[in-house]
Amino acid sequence: MRLVVDLNRCQGYAQCAFLAPDVFAMHGDESLLYDPQPDEEHRENVVRAVHACPVRAILLDAVNGSLSTAEARGER
Ligand code: SF4
């Protein structure tokens with residue numbers, strides 16, 4: 001799977017790092033590090049992180065930046 005975090009939106013709430021620690025990690029207080037191509041085994045946790053992000057900064061399965069968070073959430 002592929003994911004992108006919009007770091008301009010990310011406020012460092014760390015919900016994602018809590019829910020999917022194998023994919024997201026906080027570096028310092030506000031800086032987020034993440035794996036842009038995590039293994040499928042992490043999908044369930046990543047989906048939880050997508051839903052938990054207060055500012056909806058995580059785009060899942062983004063291809064060429066064309067997939068919105070709404071699409072990633074299946075809301076479209
Ligand atoms: S949950 Fe969202 S705002 Fe918080 S660190 Fe993760 S991507 Fe950033």
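These legends walk through four views of a predicted model.

**View 1. The chain from end to end.** Start with the whole predicted model, to get your bearings. You can count 3 helices and 4 strands in the chain. If you trace the sequence from its beginning, these elements follow the pattern β-α-β-β-α-β-α. The chain has 76 residues, and 21% of them are buried. Now look at contacts between residues at least 6 apart in sequence: 56% of these join residues at least 24 apart.

**View 2. The largest nonpolar core.** Here we move to the largest nonpolar core, a set of 14 residues. The residues with the most contacts inside this core are C16, A20, F24, V46, A49, C53 and I58. Which elements give two or more residues to the core? They are helix 2, covering 43-52, and strand 4, covering 58-60. Helix 2 supplies the largest share, with 3 residues.

**View 3. C53 and its contacts.** This close-up centres on C53, one of the core residues with the most contacts inside the core. Set aside the neighbours within four places in sequence, and C53 is in contact with Q15, C16 and I58. Two of these names may look familiar: C16 and I58 are also listed among the core residues with the most contacts.

**View 4. Around the ligand.** How many residues lie around the ligand? There are 14, and C10, Y13, Q15, C16 and C53 come nearest. You have already met C53 in contact with Q15 and C16. Sorted by character, the shell around the ligand has 11 nonpolar residues, 3 polar ones and no charged ones.

Key: Residues numbered from 1 in each chain as written. Predicted model: local features only at pLDDT ≥ 70, side-chain atom pairs only at ≥ 80, totals over all residues. Buried ≥ 20, exposed ≤ 12 C-beta atoms within 10 Å, placed from the backbone. Contact = placed C-beta atoms within 7 Å. Core = buried A, V, L, I, M, F, W, Y, C linked by C-beta atoms within 7 Å. Near = placed C-beta within 6 Å. Nonpolar A, V, L, I, M, F, W, Y, C, P; charged D, E, K, R; others polar.
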